[in-house]
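Dear colleague,

I am handing over the structure we spoke about, and below it you will find what turned up when I went through it. Please look at the sequence and the model first, and then read on.

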Amino acid sequence: MKLRLQLEAIQREYQQLLNHVQEVKVEKLIGTRFLVKVTCKKGKDVLVSILEAFEDMKLIVVQARVTSRYFFGMEAIVEAENEATLDVRALTRALQMAIHKQSFENLK
């Protein structure tokens, strides 16, 4: 009985952690390329929202890895179509907004 209660407590903590995980990291690479890492709660169309944000910012996905087993995770290399003045903060903000928008849409 005691082990069962401990297991239930651990499962609740794990679920609460998954509900609050959200991390967006952007790193400038060579030229107009950026390394993007996103970790967040699984959502219905999180990937679609992120790809739409890339499209809106005129970014091309050069390479990407995505996982969605326990949470949504993505690591991608993106490249600006032209020599735009896109910076790490602007890209980070756009991705955070896309994820937040998607999370809000899933609540409806």
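**What was found**

Lys 58 is placed in the loop between α2 and β3, and although this residue is not a glycine, its phi is positive, at about 60°. As background, most residues other than glycine have a negative phi. Please keep in mind throughout that this is a predicted model.

For the overall layout, the protein has three helices and four strands, which follow one another along the sequence in the pattern α-β-β-α-β-β-α. Of the 108 residues in the protein, 26% are buried, and the protein exposes about 8,000 Å², of which carbon and sulfur atoms supply 54%. If one takes the contacts between residues at least 6 apart in sequence, 59% of them join residues at least 24 apart.

Turning to the interior, the largest nonpolar core holds 21 residues, and those that touch the most other members are Val 36, Val 38, Ile 50, Phe 54, Leu 91 and Leu 95. Two or more residues of this core come from each of β1 (22–28), β2, α2 (46–56), β4 and α3 (88–107), and β4 gives the largest share, with five residues. In general terms, nonpolar side chains tend to be buried together in soluble globular proteins. Val 38 may be a useful residue to display, since it is one of the core members just named; leaving aside its neighbours within four places in sequence, Val 38 is in contact with Glu 23, Val 24, Ile 50, Phe 72, Gly 73, Met 74 and Ile 99.

How many salt bridges are there? The count comes to three, and I take them one by one.

- Glu 23, already mentioned as a contact of Val 38, meets Lys 25 through their side chains in a salt bridge, with 3.7 Å from N to O. Glu 23 counts as partly exposed because its relative accessibility is 37%, and Lys 25 is likewise partly exposed because its value is 48%.
- Glu 79 forms a salt bridge with Arg 33, and the closest N and O atoms of this pair are 3.4 Å apart. The pair links distant parts of the chain, with Glu 79 in strand β4 (residues 72–80) and Arg 33 in strand β2 (residues 33–40), 46 residues apart. Glu 79 is partly exposed, with a relative accessible area of 25%, and Arg 33 is partly exposed at 31%.
- Glu 75 forms a salt bridge with Arg 65, where the closest N and O atoms are 3.2 Å apart. This pair also links distant parts of the chain, with Glu 75 in strand β4 and Arg 65 in strand β3 (residues 59–67), 10 residues apart. Glu 75 is partly exposed, with a relative accessible area of 31%, whereas Arg 65, at 55% relative accessibility, counts as exposed.

Lastly, on the aromatic rings, a search of the whole structure finds zero aromatic pairs. There is, however, a charged residue placed at a ring, for Lys 28 lies over the face of Phe 34, at 4.9 Å from the ring centre.

With best regards

Note on methods:
Residues numbered from 1 in each chain as written. Predicted model: local features only at pLDDT ≥ 70, side-chain atom pairs only at ≥ 80, totals over all residues. Heavy atoms only, no water. Salt bridge = Lys/Arg side-chain N within 4 Å of Asp/Glu carboxyl O. Buried < 20%, exposed > 50% of the residue type's maximum accessible area, 1.4 Å probe, protein only. Contact = heavy atoms within 4.5 Å. Areas by Shrake-Rupley, 256 points an atom, 1.4 Å probe, with all protein chains shown as cover. Core = buried A, V, L, I, M, F, W, Y, C linked by side-chain atoms within 4.5 Å. Phe/Tyr/Trp six-rings, centres within 6.5 Å; stacked < 30°, edge-to-face > 60°. Lys NZ or Arg CZ within 6 Å of the ring centre and 35° of its normal.
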